[in-house]
Amino acid sequence: MVGDMSAEEMPGDMTDGFHLVVEALKLNGVDTIYGVAGIPITDLLRLAQAEGIRYFGFRHEQSAGNAAAIAGYLTQKPGVCMTVSAPGFLNGMVALANATTNCFPMILISGSSDRAIVDLEQGDYEEMDQLAAARPYAKAAYRINRPQDIGIGIARAIRAASSGRPGGVYLDLTAEVLGSALDVEAAKKSLVKVVDPAPPQPPALEAVRRAFDLLANAQRPLVILGKGAAYAQADKQIREFIEKTGMPFLPMSMAKGILPDDHPQSAAAARSYAIGNADVVMLVGARLNWLLSHGRPPLWSEGTRFIQVDISPTEIDSNRAIAAPVVGDIRSVFFALHATLAMSLSPKVRETLPQVPEMKRQAAWMDEIGKRKQRNIERMAARLNADPSPMNFSSALRAVRNALATQPDVYVVNEGANTLDFGRNIIDMDQPRHRLDSGTWGVMGIGMGYAIGAAAVTGKPVVAIEGDSAFGFSGMEIETICRYELPVVTVIFNNNGVYRGDAPGSAYSPTGLLRDARYEKIIEAFGGAGYHATDTPGLTKALSEALASGKPALINAVIDPTAGTESGHIQSLNPRSAVAQKK
Ligand SMILES: Cc1ncc(C[n+]2csc(CCOP(=O)(O)OP(=O)(O)O)c2C)c(N)n1
Ligand SMILES: [Mg+2]
């Protein structure tokens, strides 16, 4: 068995593809692999583990891929997922495509079957043209056809995943390459250590100046932070710029915590007002996609002018004209913005450089936002403080929030419909990159994979707040969590269904799930702690206790089956019949 053989024990002066892949990964600092074993990668995984790479074995490749993707997001280094051919590869593809959509650096490495048979469609074991299948859904897709190309192939994958706008990269590794022999000396020479895999891309000074002019002359400026801003790890620079200019900001859901949610300049509680009335909006690592209504009326006004800070030049003008594009990496852009701001705030400099505009604070605009925030917060407080029985989304999330209040280190994973929408609004974050959720696609199934990936790379506790339907997509990974004894607490918002439960006694509808399912028994089967929480004190207590234990736990939080709304907050996206509207 190859896994039991170190390179020194190989016969003569030969090595093989298995060893070379592991060496190439180690040389480039890959210290963790997420995957599912099987032909042709089993020995590769054994060898990787024997050579000191941490291996997390999952129950489904989609979760392994999601773990790799979120590890990439949190560390700025591509997370690596390994799968078997055809079905294992396709299971991993959902995660790879999701990583690309969300701009997370990730590499999916799949073993593949005999090329000669695959290409003639002669029916090999797990036959599939994986490279062709991956290409449309990946940022880049490569195949290694010769053992001497392993080094360069892995280098290309790392660079493609992490440079510029990050994304998912597919790397096809044929069974033949893994088993091929290679001269040790030649093999050593073929390895490539990637230098500066994601080089800074500073913006043009003119672009910075153009954006700054627009911002300085705005009466009602607004900054929108996307997860690209969180990914950039320029937290201090972003925060200081917003504080020094006194502008209001809105975080997209995964950008929560770059500035704390209770920051006085947060406009989150007056979101529609701020968006609808801003005259200049600076988008920072945020795209004008469906999550921002494409920047179009009625949410946005026609007259709003945009600054867009993004690393990808083709993002500019994607949905609406951008008056001041600033193309570059966000960290470099903010260094440049700070330099301009320092000049702008110095009367002395402005005397000698009259072209530098003075950045003034827009107090009236901030006051108006503040008033609306206050009103909305009071309205929400009434809902939050109610304590209905059974619990609803607001009251249960208040119970979760109370348990998290003293735990700023906790990473929060969140998916579902109502569970996601209420969770985003009620669970405050005060640290960057601590909220991991369904993201750009609004996808279900990221829950346990993200929780495991986050726990693996941070060593910190994770609380996964899951709709009961959402949980089902990756629920078997509870065994994975228990096997590795990860500090993950899963809280299931159990309302008996997708969006809501069916009426008692009625047949199951397309959105119905088993009534009163005892999800907590699942984790008990694997030796974890299960809790059944039916009221808010019980839920707060269970979560506090579970977090204090540092051990895997699952809390089945019983939610009123009538509490949810269809599709959560995005009901309007359901297609409506034109026929019905004509009647
Ligand atoms: C992969 C995938 N399949 C299906 C959907 C459609 N979908 C959106 S939300 C959701 C589940 C909502 O129910 P639940 O997780 O229980 O949340 P609740 O609204 O009940 O809190 C589903 C199936 C999706 N977003 N992604
Ligand atoms: Mg539900």
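Me: Which residues does N289 touch, not counting residues up to four places away in sequence?
Reply: Keep in mind that this is a predicted model. N289 sits in the loop between β11 (280-284) and β12 (305-310). Leaving out residues up to four places away in sequence, its contacts are H294, N319 and T440.

Me: Is N289 buried or exposed?
Reply: Being in a loop doesn't settle it, so we go by the cut-off: buried means under 20% relative accessible area. N289 has a relative accessible area of 16%, so the label for N289 is buried.

Me: And what is the relative accessible area of S112?
Reply: S112 is found in strand β5. Not counting residues up to four places away in sequence, S112 touches P40, S85, Q130, D172, L173, T174 and A175. S112 is buried, and its relative accessible area is 2%.

Me: How many residues of helix α7 are buried?
Reply: Helix α7 covers residues 150-162 and reaches 18 Å from its first C-alpha to its last, close to the 18 Å expected at 1.5 Å a residue. Among its buried residues are I150, I154, I158 and S162. The helix is mostly covered, and of its 13 residues the buried ones number 10.

Me: What do the buried residues of α7 pack against?
Reply: Some of the partners are strands: β5 (106-112), β6 (140-144) and β7 (168-174). The others are helices, namely α1 (17-27), α8 (175-179) and α9 (184-190).

Me: Which residue just after α7 takes a positive phi?
Reply: Look right past the end of the helix, which spans residues 150-162. There the phi is about 55°, and the residue is G164.

Me: Which residues of β2 are buried on each side?
Reply: In a regular strand the side chains alternate between the two faces of the sheet. Strand β2 has both faces covered. One side has T32 and Y34, and the other has I33 and G35.

Me: What is the bridge partner of I33 in β3?
Reply: β2 pairs with strand β3 (residues 54-57) in the parallel sense, over 4 bridges. In β3, the residue bridged to I33 is Y55.

Me: Which element gives the largest share of the lining of the second largest pocket?
Reply: This pocket holds about 370 Å³ of space. Its lining has 21 residues, with G29, V30, T75, K77 and P78 nearest the centre. The elements giving two or more residues are β2 (32-35), α3 (61-75), β4 (79-83) and α7. The largest share is 3 residues, from α3.

Me: Which are the edge strands of the open sheet of 6 strands?
Reply: Strands of a sheet pair through backbone hydrogen bonds, either parallel or antiparallel. Here the pairing is parallel, in the order β15-β14-β16-β17-β19-β18. An edge strand pairs on one side only, and that fits β15 (435-437) and β18 (529-533).

Me: How much does the twist average from one strand to the next?
Reply: This is about the open sheet whose order runs β15-β14-β16-β17-β19-β18. From one strand to the next, the twist averages 15°.

Me: Which residue in β16 does V412 stand opposite?
Reply: β14 (residues 411-415) and β16 (residues 462-467) run parallel and are joined by 5 bridges. Opposite V412, in β16, stands V463.

Me: At what angle does α19 run to β16?
Reply: Helix α19 (residues 447-458) lies across β14, β15, β16 and β17 (488-494). Its angle to β16 is about 175°.

Methods:
Residues are numbered from 1 along each chain as its sequence is written. Chains are lettered from A and ligands numbered from 1 in the order in which they are written. This is a predicted model: local features need pLDDT of at least 70, side-chain atom pairs count only at pLDDT 80 or more; totals for chains, interfaces and linings use all residues. Side-chain values use heavy atoms; hydrogens and water are left out. The expected span of a helix is 1.5 Å times one less than its number of residues. Buried means under 20% relative accessible area, exposed over 50%, partly exposed in between (1.4 Å probe, protein chains only). Contact means heavy atoms within 4.5 Å. Two strands pair if DSSP finds at least two bridges between them. Axes are lines fitted to C-alpha atoms, for helices over the stretch in contact, and angles run from 0 to 180 degrees between N-to-C directions. On a 1 Å grid over the protein atoms alone, a cavity is a set of points where a 1.4 Å probe fits but cannot get out, and a pocket is an open set with protein on both sides within 12 Å along at least five of seven lines; lining residues have an atom within 4 Å of a point. Grid points are joined across faces, edges and corners, and a volume is the space filled by probe spheres set on the points.
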